[in-house]
Amino acid sequence: FFCAACRTKGIPEFSPPFCDKCGQRFDTGENHLCETCLTDPSDIHQVRAALVYQGLVPDILALFKYHARLSLTRCFDAWMFHAFDRYFSGTKIHWIVPVPLHPKKLRQRGFNQSALLVRRLADRYVAKYGTRPAWQVNPTLLKRVRHTASQTGLDNTSRKTNLKNAFQVTDDTRIQGANVLLVDDVFTTGATCGEAARTLAAAGAEQVDVLVLARA
């Protein structure tokens, strides 16, 4: 997929040390809670990622999201399953839910990048373990009901305000008491996943975790 010159930029794997909750990476030391999670915790139980949003990763994601280089999902499939297996193999999960796009945005882009990141996750699980997983990928349990302005250039407070009440659970009976793994492409300030997790928690989810391709 990538020539030698591009590979020199690096594709860094997400690894410790990081915040136990939000996944913010630290330069040294052990895993612990960051200041933000100590003072202003979200409804997310923990955030984990396949890659760090550095080196070649921003370029790869831009090609994927904005230039429809969907062949890159063959790389993403492996990276996402490795991260899932590493960080969530011991977690009881009922539903894996890609963060949805608003219908208008979906029509413009033509695909939901978050859904593509996990469309072959179950197949990779079966290939490794020889049995079907206990969880299911369900891209319809959460829908985006507000077409929000772009988050680019907004600070964290403005991002949260922009996304307030942007999501809605489509079937409360399936969410009640369930453990949900949200999937998205990038986690930066956490505003999008945080609002999605808040919506799921309000509908009765027991626990909401997040897995992303890249953690900024």
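Buried means under 20% relative accessible area, exposed means over 50%, and partly exposed lies in between. By that scale A68 is partly exposed, because its relative accessible area is 43%. The structure discussed here is a predicted model.

## Backbone features

A68 sits in the loop between helix 3 (57-67) and helix 4 (73-88). Its phi is near 55°. That is a positive value in a residue other than glycine.

N165 also has a positive phi, about 60°, although it is not a glycine. This residue is placed in the loop between helix 8 (156-163) and strand 5 (167-169). N165 counts as partly exposed, because its relative accessibility is 43%.

Which residues does a cis peptide bond join? The pair is P16 and P17, with omega at about 0°. P17 belongs to the loop between helix 1 (4-7) and helix 2 (35-39).

## Accessibility of selected residues

The table collects residues by place and accessibility.

| Residue | Place | Relative accessibility | Class |
|---|---|---|---|
| Q113 | helix 6 (residues 113-117) | 3% | buried |
| V118 | loop between helix 6 and helix 7 (121-129) | 1% | buried |
| D123 | helix 7 | 46% | partly exposed |
| E195 | helix 10 | 9% | buried |

## Helix 6 and what follows

Q113 is found in helix 6. Its side chain makes a polar contact of 2.7 Å with the side chain of R109. Q113 is also in contact with F64, K65, L101 and D185, leaving aside neighbours within four places in sequence. Is Q113 buried or exposed? Q113 counts as buried, because its relative accessibility is 3% and the limit for buried is under 20%.

V118 lies in the loop between helix 6 and helix 7. V118 is buried, with a relative accessible area of 1%. Which residues does V118 contact, once its neighbours within four places in sequence are set aside? They are M80, I96, P98, V137 and V183. The C-alpha atoms of V118 and T73 are separated by 9.3 Å. Along the chain these two residues are 45 residues apart.

D123 is in helix 7. The C-alpha atom of D123 is 20 Å from that of A49. These two residues are 74 residues apart along the chain. D123 is partly exposed, because its relative accessible area of 46% falls between the limits of 20% and 50%.

## Cysteines

How many disulfides does the model contain? The count comes to 0. A disulfide is a covalent bond between the sulfur atoms of two cysteines. The cut-off used here is a pair of cysteine sulfur atoms within 2.5 Å.

Why is C19 not bonded to C34? The closest cysteine sulfur to that of C19 is in C34, at 3.7 Å, so the gap is too far for a bond. C22 is in no disulfide either. Its nearest cysteine sulfur is also that of C34, 3.7 Å away.

C19 is buried, with a relative accessible area of 0%. C22 is buried as well, with a relative accessible area of 13%.

## The second largest pocket

Rolling a probe the size of a water molecule over the atoms shows where empty space is left.

The second largest pocket has a volume of about 500 Å³. It is lined by 24 residues. The closest to its centre are S42, K160, T189, G190 and G194. Which elements give two or more residues to this lining? They are helix 2, helix 8 and helix 10 (191-202). Helix 10 gives the largest share, 4 residues. By type, the lining residues of this pocket divide into 8 nonpolar, 8 polar and 8 charged.

## A residue of helix 10

E195 is placed in helix 10. E195 touches L163, K164, N165, A166 and F167, not counting residues up to four places away in sequence. One of these contacts, N165, is the residue with a positive phi of about 60°. E195 counts as buried at 9% relative accessibility, whereas N165 counts as partly exposed at 43%.

Key. Residues numbered from 1 in each chain as written. Predicted model: local features only at pLDDT ≥ 70, side-chain atom pairs only at ≥ 80, totals over all residues. Heavy atoms only, no water. Buried < 20%, exposed > 50% of the residue type's maximum accessible area, 1.4 Å probe, protein only. Polar contact = N/O pair within 3.5 Å; in protein donor to acceptor, adjacent residues only side chain to side chain. Contact = heavy atoms within 4.5 Å. 1 Å grid on protein atoms, 1.4 Å probe; cavity = no way out; pocket = protein on both sides within 12 Å on 5 of 7 lines; lining within 4 Å. Points joined across faces, edges and corners; volume = space filled by probe spheres on them. Nonpolar A, V, L, I, M, F, W, Y, C, P; charged D, E, K, R; others polar.
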